[in-house]
Amino acid sequence: MYVMLLLPCGMWFFSFLFLRGIQHFFPNFGAALPPGRLGLPFIGETLEFMTAATNNNSLAFFNSRVAKYGEIFKTNILFAPSISFGTPEANKFLFANENKLFQLSLPSSAAKLLGQSITNKVGKEHKNVRHTLMAFFGASNLHNFVPRLDNATKAHFQQFWEGRDEIKAMDTIKHFLFSLVMDLFFSIIEGPEFHSMQHDVEDYIFGTFQFPIDFPGFAYHKAKLARDNIRRTLDMIISRRRKDTKERKVEMYHDLLSFLLNTPHDEEGNPLKDEEIKDNIGSLLFAGVETTSSTISMALKYLSLNPHCLQEVVKEQMEISKTKDGAPLNWEDTRKMKYTWCVLQESLRLQPALEQAFRICIKDVEYGGFTIPKGWKVFWSANRTHMSPQIFPNPTKFDPSRFEGSGPQPFSFIGFGGGPRMCPGNEFARTTMLIFLHRMVLNYEWCMVDPNEKIYVMPGPTFQKGLQLKLHKK
């Protein structure tokens, strides 16, 4: 009889031990995970997502799963179990809890190439670097650079657009932006360092977020070599600048490098270390060329396809031009370009320069009735939010008026990211893009050679034929 009584107790005890053992070795067991699927072992749904994303169709990947599982679903992308959500409320929750519940998470292969840059920093280190960079790229300092940026833009059009009937616009815009940042970062306009850096930056941009096949001939391997070349070139530039400083020639430089070498970064008043400067400048070259060229190119496309919007931009820019009498633009002029800025934001909504990114949960997170376990990723997507008909009615339509007045609801437009990790160069990018469109619309009419020219994403949006335009000088 005692055996009969003890048997259920023994079964209960061993069941308890079994469950505790599962919870110990599999801490996610029993968690209220969102619905979804993790796909194939290890690789998950990576191949399906990467195929869709490269073909500029990541939205189809997300929409098919939202239709099946709801707004919050689980998946496995880039070898990491992940949660995806895309409402403004979810974006706010994600961005507002940076360093509390979430931290940035990059693929380890990309993180290695980005080194000690702000892109890799988290917590207090990220805050300190961001504060330093914002002192240079913020609105108060940019005031001083607008005439310099405008003069460089005019010179670019005279050299590369004048007398052309047809042009590969995106490639030319990338060259323009590289020239601009080389001047603003190092006061270098031409020479061997300019040309070697230009080639290396192209390989670095293209290969950093490719599959990490570190073997000759593959994009990631080329990016790794390019990163090392960029560092060596920066070593020479920094060494020369330090020599100029000793010889009291530093006053001739008004650029990012002099700023970083001489600006206190931490509580002790020390500037960034040379390794940090090199990696941050490499990361800024990446962002300054790739993302900005993408948005300008998309704006040229959408203005070509929407002549009534182009007319509004021309009207606005002509009003500003009437007051200049040949003088370069200043900061106040760029702030008057309100409709042009709406055009750029709408272009960035329809085709984000950075379509998605990861955050990692640094503790178990409760959201939307589900548990996101510690160590899982949150896979946020600008496309998911920007193309939602609940947020932006008729989302595929190019409509700059969405950004007039108070604009869209908070956290529904995340083209520059959000929260503490919002792009520190967004004011610089905005100013550069406005100046470019000002000079473009005043001097040229254009149309796309192929209005249906295909766009690939690798790593940012890229026109298959370089955005071929037919030009007519006004």
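**Exercise 1. Follow a buried salt bridge.**
Are Arg 402 and Glu 346 buried or exposed, and which parts does the pair tie together?

*Solution.* Both Arg 402 and Glu 346 are buried in this predicted model. Next, take the contact itself. Arg 402 forms a salt bridge with Glu 346, and the closest N and O atoms are 3.0 Å apart. Now place the partners. Arg 402 sits in the loop between α17 (382–386) and α18 (426–443), while Glu 346 belongs to helix α16 (residues 338–350), so the pair ties together parts 56 residues apart in sequence.

**Exercise 2. Build up a network.**
Which residues are linked with Glu 48 in a network of salt bridges?

*Solution.* Start with one pair. Glu 48 forms a salt bridge with Arg 65, with 3.0 Å between the closest N and O atoms. Glu 48 is in helix α2 (residues 46–54) and Arg 65 is in helix α3 (residues 58–69), so this pair joins parts that are 17 residues apart in sequence. Then check exposure. Glu 48 has 43% relative accessibility and counts as partly exposed. Arg 65 has a relative accessible area of 7%, so Arg 65 is buried. Finally, widen the view: Arg 37, Glu 45, Glu 48 and Arg 65 are linked in the network. The structure holds 23 salt bridges.

**Exercise 3. Classify a pair by accessibility.**
Asp 228 forms a salt bridge with Arg 227. Is Arg 227 buried or exposed?

*Solution.* The closest N and O atoms of this pair are 2.8 Å apart. Arg 227 has a relative accessible area of 11%. Buried means under 20%. Therefore Arg 227 is buried. Asp 228, at 26%, is partly exposed.

**Exercise 4. Assemble the sheet.**
In what order do the three strands of the open sheet lie?

*Solution.* The order is β4-β12-β9, with antiparallel pairing. The edge strands are β4 (166–168) and β9 (444–448), each pairing on one side only. From one strand to the next, the twist averages 35°. Look at one pairing: three bridges join β4 to β12 (residues 468–473). Here Glu 166 stands opposite Lys 470 in β12. Last, add the helix. Helix α13 (residues 274–305) packs on the sheet and touches β9 and β12; its direction makes about 85° with that of β9.

**Exercise 5. Find a nonpolar patch.**
Which residues make the nonpolar surface patch of about 730 Å²?

*Solution.* The patch is made by Phe 42, Leu 47, Phe 79, Phe 211, Ile 213, Phe 215 and Phe 218. Pick out Phe 215. Its place is the loop between α10 (192–207) and α11 (219–246). Its relative accessible area is 54%, so Phe 215 is exposed.

Note on methods:
Residues are numbered from 1 along each chain as its sequence is written. This is a predicted model: local features need pLDDT of at least 70, side-chain atom pairs count only at pLDDT 80 or more; totals for chains, interfaces and linings use all residues. Side-chain values use heavy atoms; hydrogens and water are left out. Two strands pair if DSSP finds at least two bridges between them. Helices (H or I, at least four residues) and strands (E, at least two) are DSSP runs, numbered from the N terminus. Axes are lines fitted to C-alpha atoms, for helices over the stretch in contact, and angles run from 0 to 180 degrees between N-to-C directions. Contact means heavy atoms within 4.5 Å. Patches are made of residues with over 30% relative accessible area and no salt bridge: like charges are joined within 9 Å, nonpolar side chains (Val, Leu, Ile, Met, Phe, Trp, Tyr) within 5 Å. Accessible areas come from the Shrake-Rupley method with a 1.4 Å probe; for residues, only the protein chains shown count as cover. A salt bridge is a side-chain nitrogen of Lys or Arg within 4 Å of a carboxyl oxygen of Asp or Glu. Buried means under 20% relative accessible area, exposed over 50%, partly exposed in between (1.4 Å probe, protein chains only).
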